[in-house]
Amino acid sequence: MVQEGTALGHRVSRSGIEVDKVKVEAVEKLPPPISVKGVRSFLGHAGFYRCFIKDFSKIATPLCRLLEKDVTFKFDDACLKAFEELKKKLVVATIIAAPDWSLPFELMCDASDQAIRAVLG
């Protein structure tokens, strides 16, 4: 049996689930975007984890304004602050946490003609 491995960018082993250090270093070294394409790419990556980052929309607002139509690209201090804060939260935030097996769980299910969904709470 496999003793440890990588799943969704996380190291999973007997000691638990931890963020893959290679991914953390890549995000830490990420330079500020210099174009609309760079901002769009960064927000797309960060947006994947948006449900794990408190107040994501408020933090990302200056960056989102750069993507509006007919707006001159000006990466000012507010944008830099938003970029750095999102970077920090991507590195520090616990994206996957192991459950506390001593607590009870509730399994909520839903089904339709096209899909079945289950959520463990």
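**Exercise 1. Describe the fold in outline: count the helices and strands and put them in order.**

Solution. Start with the count: the chain has four helices and five strands. Keep in mind as you work that this is a predicted model. Next, walk from the N terminus, where the order of elements reads β-β-β-α-α-α-α-β-β. Now ask how spread out the chain is: its radius of gyration is 18 Å, well over the 14 Å that the globule rule gives for 121 residues, so the chain is more spread out than a compact globule. To finish, picture a box along the principal axes; the C-alpha atoms fill one of roughly 50 × 40 × 25 Å.

**Exercise 2. Work out what share of the chain is buried, and what its surface is made of.**

Solution. Take burial to begin with: of the 121 residues in the chain, 21% are buried. Then turn to the surface, where the accessible area comes to about 9,500 Å². Carbon and sulfur atoms contribute 57% of that area. Move on to contacts with a separation of 6 or more: residues 24 or more positions apart account for 44% of them. Last come the charges. The chain has 18 positive and 16 negative ones, and their mean positions are 4 Å apart.

**Exercise 3. Decide whether Cys79 and Cys109 are buried or exposed, and look for disulfides.**

Solution. Search the whole structure first: the number of disulfides is zero. Check Cys79 in particular, which is in no disulfide; its nearest cysteine sulfur belongs to Cys64 and is 9.9 Å away. A disulfide would need the two sulfur atoms within 2.5 Å. For burial, recall that buried means under 20% relative accessible area and exposed means over 50%. Cys79 has a relative accessible area of 3%, so Cys79 is buried. Cys109 has 60%, so Cys109 is exposed.

**Exercise 4. Place Lys87 in the fold and find out which residues it touches.**

Solution. Locate the residue: Lys87 sits in helix H4, which covers residues 77-92. Then read its accessibility. The relative accessible area of Lys87 is 9%, and therefore this lysine counts as buried. Finally, list its partners, setting aside neighbours within four places in sequence: Lys87 is in contact with Val27, Glu28, Leu30 and Phe42.

**Exercise 5. Describe Asp55 and Asp70 by their backbone phi, their loops and their exposure.**

Solution. Begin with the backbone. Asp55 has a phi near 60°, a positive value in a residue other than glycine. Asp70 is not a glycine either, and its phi is positive at about 60°. Now find their places: Asp55 lies in the loop between helix H2 (36-47) and H3, while Asp70 lies in the loop between helix H3 (56-65) and H4. Then compare exposure with the cut-offs. Asp55 has 40% relative accessibility, so Asp55 is partly exposed. Asp70 reaches 76%, so Asp70 counts as exposed. As a last step, look across the model from Asp70 to Ala7. These residues are 63 apart along the chain, and their C-alpha atoms are separated by 41 Å.

Note on methods:
Residues numbered from 1 in each chain as written. Predicted model: local features only at pLDDT ≥ 70, side-chain atom pairs only at ≥ 80, totals over all residues. Heavy atoms only, no water. Helix = DSSP H or I, 4+ residues; strand = E, 2+ residues; numbered from the N terminus. Rg over C-alpha atoms; globule rule 2.2 N^0.38 Å. Buried < 20%, exposed > 50% of the residue type's maximum accessible area, 1.4 Å probe, protein only. Contact = heavy atoms within 4.5 Å. Areas by Shrake-Rupley, 256 points an atom, 1.4 Å probe, with all protein chains shown as cover. Lys, Arg positive; Asp, Glu negative; His and termini not counted. Charge placed at Lys NZ, Arg CZ, Asp CG, Glu CD.
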